[in-house]
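Dear colleague,

Please find below the structure that I am handing over to you. A summary of what was found in it follows directly after.

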Amino acid sequence: RAKGIDAMFLGNPIMDGIGEPAPEKPVSPPIIGLFPGSRDEADQNFQRIIAVIEQIAEPVEYLCALSPVIDIEKMAASVAERGWCLTAGNTLRKGDKAILMGKDLFERSLHDSTLVIGMAGTANEQAAGMGRPVISFVGAGAQTTPSRMIDQERLLGGAAAYISDFPEGAAREISWLLAHPEERERRGAIGRERMGPPGGAKKIAEFLVQEFDLR
C-alpha cells in the first residue's frame, strides 16, 4: 500500500489446516521443535542445529519434524561423528540429550513447542503464526542464506530472530528465551498478528467470487 498498490490482507493460506493458534502450553521440561527444512540440504542444516543443541545446558525435550521425503537414517548418520546414536523409537541420543525424530511430528511441534529452531521457509512462518518464537541462523542452501533469514525476520516483525553468532550466540538466545516467558509471549503475539488466523484461503476465495462476480 505504501507503494501505491491497492492491497489488502485477508489471511495467509499456509495457516489453514494446521489447527488454531493457542497460548504456550506449560510443560516441564520445555519443548523445542526442530525444523531442518524439507530440501536436500536438510541433513547439513541438521548438523548445524545439533551444534547449537550441544551448547544448551537447560533440560529440554527436542522434537525434530521431518518432511516425508527426508530419510531418518540419513539424518542420524550425518551427526554420528559427533557422537549421536539413533536408538529405539527413532530417538537420537547423546549423553543426557535426546531428540525424537519423526515424519508425523510437525503439528505436534507447532502446538506443543515452547520455541522453535527453524531452518525452513514455510514451517518457520507457520510456527510464528502459531505463536512460537523462532530462532534461525545460517544453514546450507538457498533457504538459509543470511539475506533470506534477515528478510524472514523483518517480515515476521521479530517473531523470528536471525542469530549471526553461530553456534554460541544462538545457544545463548535460546537459553535466554527459555528463562523469559514474557518475551516468548511478546514474540508469539507478534507472529500471530503478522500471519493472521486460519481461514485465509476461504476469505480470499470469497473476495474473488464477489469482486469478479464468479457466482
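Please bear in mind that this is a predicted model.

I begin with Asp112. Leaving aside neighbours within four places in sequence, Asp112 is in contact with Lys25 and Ile31. With Lys25 there is also a polar contact between the two side chains, at 2.6 Å. Asp112 itself belongs to helix H3, which covers residues 106-112. Its relative accessible area is 16%, and the residue therefore counts as buried, the cut-off being under 20%.

The second topic is the pairing of three strands. Strand S3 (residues 85-87) and strand S4 (residues 91-94) run antiparallel and are joined by three bridges. S4 is in turn joined by four bridges to strand S5 (residues 97-102), again in an antiparallel arrangement. Arg93 of S4 appears in both pairings: Cys85 stands opposite Arg93, and Arg93 stands opposite Ala98 in S5.

Each of the two hairpins includes a glycine with a positive phi. In the hairpin of S3 and S4, three residues lie between the strands, and Gly89 has a phi near 75°. In the hairpin of S4 and S5, two residues lie between the strands, and Gly95 has a phi near 60°.

Finally, there is a nonpolar patch on the surface, of about 500 Å². Its members are Met8, Phe207, Leu208, Phe212 and Leu214. Of these, Met8 is located in the segment that precedes strand S1 (31-35).

Yours sincerely

Methods:
Residues are numbered from 1 along each chain as its sequence is written. This is a predicted model: local features need pLDDT of at least 70, side-chain atom pairs count only at pLDDT 80 or more; totals for chains, interfaces and linings use all residues. Side-chain values use heavy atoms; hydrogens and water are left out. Patches are made of residues with over 30% relative accessible area and no salt bridge: like charges are joined within 9 Å, nonpolar side chains (Val, Leu, Ile, Met, Phe, Trp, Tyr) within 5 Å. Accessible areas come from the Shrake-Rupley method with a 1.4 Å probe; for residues, only the protein chains shown count as cover. A salt bridge is a side-chain nitrogen of Lys or Arg within 4 Å of a carboxyl oxygen of Asp or Glu. Buried means under 20% relative accessible area, exposed over 50%, partly exposed in between (1.4 Å probe, protein chains only). A polar contact is a pair of N or O atoms within 3.5 Å; within protein, one must be able to donate a hydrogen and the other to accept it, and residues adjacent in sequence count only if both atoms are side-chain atoms. Contact means heavy atoms within 4.5 Å. Two strands pair if DSSP finds at least two bridges between them.
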